[in-house]
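This report describes how the helices of one protein chain pack together and where selected residues lie. The reader is invited to follow each point in the structure shown below.

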Amino acid sequence: MPYRRLPNTDQARLRALKAACDAINKYTPEQLLFSQKTAMAVTSYTPIFEQGLNQYLGSKNTQTELGKKMNEVAKQARLYLSHYIQVFNMCVMRGEIKKEARALLGLDTESNTVPDLSTDQQLIDLGKSVIEGESKRTGNRIYNPSIANVKVKLDMFLEAYAKHKDMQTTIQKHHIKFDEIREKADNIILDVWNEVEAAIGNIDTEEKREKAIEYGIVYFYRPIERQKDFLGM
């Protein structure tokens, strides 16, 4: 005997609800295999679920696009900041800038290497420190790239970073809200399937299963059953 499996994805939930809607439109209340109370729940809640799903997916797509944009500007900001520090360090090595000046920028006075910038927070912290420190420093200026160029790139990254963080907060709110919508949809689908199967009786023939499938119920055969069917047993 095949067994039914309740939807475990949002698209499968939507298909199940729409299949129940199709049955409501196709059959009279007397012919319908589930109650009018359940039918009302299906018709009123299907658009709510679909709208909630579209909003949730839409916000996730927006987050993906914002993430791509953020990564692009972050790459540029890292490039400009690391180049600036490299040029600064070369000036120190040539004796054009005293090594103690590194401290103003938040750098190790004894190191010629670029600090780790692999995380967004490291980029933000060091970028702000270098820009602020350079505004206080007197003496030779770096022009390739200039600190103004570095600041432009960092500001672009900070703007993209803030938008991405805001969208993450929005996504989390949508996720919590949609969890509640999803739970109610699961309960409605369960009511439909239980009532349909109760009306049909034991799903012991292909004809009965086809009727249940028309109402959106999904059946799966166990591996041993598929093997027997293949062998004609």
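## Packing of α1 against α4

In this predicted model, residues D10, R13, A16, L17 and A20 of α1 meet F178, R182, A185, D186, I188, I189, V192 and W193 of α4. Sorted by character, the residues of this contact comprise nine nonpolar, no polar and four charged. The axes of the two helices, α1 and α4, come within 10 Å and cross at roughly 45°. Because of this angle, α1 is oblique to α4. The crossing of α1 past α4 is left-handed.

## Nonpolar cores

The largest nonpolar core of the model contains 30 residues. Within this core, the residues with the most contacts are L32, F34, F49 and V196. The helices α1 (10-26), α2 (36-93) and α4 (147-200) each contribute at least two residues to this core, and α4 gives the most, with nine residues. Apart from neighbours within four places in sequence, L32 is in contact with A23, I24, Y27, A39 and Y215. There is also a second, separate core of 27 residues, and F88, C91, V92 and V150 are among them.

## A buried and an exposed residue

Two individual residues, T38 and N202, may be set side by side in a table of their accessibility.

| Residue | Location | Relative accessible area | Class |
|---|---|---|---|
| T38 | helix α2 | 7% | buried |
| N202 | loop between α4 and α5 (206-214) | 61% | exposed |

T38 counts as buried because its relative accessibility of 7% is under the limit of 20%. N202, in turn, is exposed because its relative accessible area of 61% is over 50%.

Which residues does T38 touch, when residues up to four places away in sequence are not counted? They are D191, V192 and E195. V192 also belongs to the residues of α4 that meet α1.

The position of N202 can also be described by a distance. The C-alpha atoms of N202 and K98 are separated by 88 Å, and the two residues are 104 residues apart along the chain.

## A cis peptide bond

What kind of peptide bond joins N144 and P145? The bond is cis, with an omega of about 5°. Most peptide bonds, by contrast, are trans. P145 is located in the loop between α3 (120-136) and α4.

Terms used. Residues are numbered from 1 along each chain as its sequence is written. This is a predicted model: local features need pLDDT of at least 70, side-chain atom pairs count only at pLDDT 80 or more; totals for chains, interfaces and linings use all residues. Side-chain values use heavy atoms; hydrogens and water are left out. A nonpolar core is a set of buried Ala, Val, Leu, Ile, Met, Phe, Trp, Tyr and Cys residues joined through side-chain atoms within 4.5 Å. Buried means under 20% relative accessible area, exposed over 50%, partly exposed in between (1.4 Å probe, protein chains only). Helices (H or I, at least four residues) and strands (E, at least two) are DSSP runs, numbered from the N terminus. Contact means heavy atoms within 4.5 Å. Axes are lines fitted to C-alpha atoms, for helices over the stretch in contact, and angles run from 0 to 180 degrees between N-to-C directions. Angles under 35 degrees count as roughly parallel, over 145 as roughly antiparallel, 65 to 115 as roughly perpendicular and the rest as oblique. A crossing is left-handed if the near helix is turned anticlockwise from the far one by less than a right angle, and right-handed if clockwise. Ala, Val, Leu, Ile, Met, Phe, Trp, Tyr, Cys and Pro count as nonpolar, Asp, Glu, Lys and Arg as charged, and the others, Gly among them, as polar.
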